[in-house]
Amino acid sequence: MALEDDIATLIVLVQGMFADSGDQTGFDARVWLDHWLTSVVPALGGRRPIDVLNEPDGLEVVKSLLLRAQSGAYS
């Protein structure tokens, strides 16, 4: 799967996560995701999610991290 497809999958996931959280007024999932993907994330060993996406099973790792963050499990 191409990186663009992975990002499209993550946008849908993030939109769903924020829809579950309540008011989405002014929220742009793509803008939020673009920022998060290029930020260093401690839960990924100080790596950026965009770099992890390029690894085998990277999409599953990033999806899992987002879902754990939504549930409050940050390990």
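Trainee: Let's start with S21: which helix is it in?

Mentor: First, a word on the model: this one is predicted, local features need pLDDT of at least 70, side-chain atom pairs count only at pLDDT 80 or more, and totals for chains, interfaces and linings use all residues. Residues are numbered from 1 along each chain as its sequence is written, and side-chain values use heavy atoms, leaving out hydrogens and water. Helices here are DSSP runs of H or I with at least four residues, strands are E runs of at least two, and both are numbered from the N terminus. By that rule, the place of S21 is in helix α1.

Trainee: Is S21 buried or exposed?

Mentor: We go by relative accessible area with a 1.4 Å probe, protein chains only: buried is under 20%, exposed is over 50%, and partly exposed is in between. S21 has a value of 59%, so S21 is exposed.

Trainee: How far is S21 from Q70 in space?

Mentor: Along the chain, the two are 49 residues apart. Go from C-alpha to C-alpha, though, and the separation of S21 and Q70 is 9.1 Å.

Trainee: How many helices and strands does the chain have?

Mentor: Reading from the N terminus on, you meet α-α-α-α. That gives four helices and zero strands.

Trainee: What should helix α1 span, and what distance separates its end C-alpha atoms?

Mentor: Helix α1 covers residues 3-21, which is 19 residues. The expected span is 1.5 Å times one less than the number of residues. For α1 that should be 27 Å, and the distance between the end C-alpha atoms agrees, at 27 Å.

Trainee: Which residues of α1 are buried?

Mentor: Here's a handy bit of background: an α-helix has 3.6 residues a turn, so residues three or four places apart point the same way. As for cover over the buried residues of α1, it includes α2 (29-37), α3 (49-53) and α4 (58-71). The buried ones are D6, I7, L10, I11, L13, V14 and M17.

Trainee: And V12, buried or exposed?

Mentor: V12 sits in helix α1 too. With a relative accessible area of 56%, V12 is exposed.

Trainee: Which residues does R30 touch, leaving out those up to four places away in sequence?

Mentor: R30 lies in helix α2 and counts as partly exposed, at 40% relative accessibility. R30 and L10 are 20 residues apart in sequence, with their C-alpha atoms 9.0 Å apart in space. Contact means heavy atoms within 4.5 Å, and on that basis R30 touches I7 and I11.

Trainee: What is the phi of D57?

Mentor: D57 lies in the loop between α3 and α4, and is exposed with a relative accessible area of 61%. D57 isn't a glycine, but its phi is positive, about 65°.

Trainee: Which residue follows α1, and what is its phi?

Mentor: Just step past the end of α1 and check the sign, which is positive. The residue is G22, with a phi near 125°.

Trainee: What is the radius of gyration of the chain?

Mentor: The radius is taken over C-alpha atoms, and the globule rule is 2.2 Å times the number of residues to the power 0.38. With 75 residues, a compact globule would be near 11 Å, which agrees with the chain's 12 Å.

Trainee: What share of the residues counts as buried?

Mentor: The chain has 75 residues to go through. Of these, the buried share is 31%.
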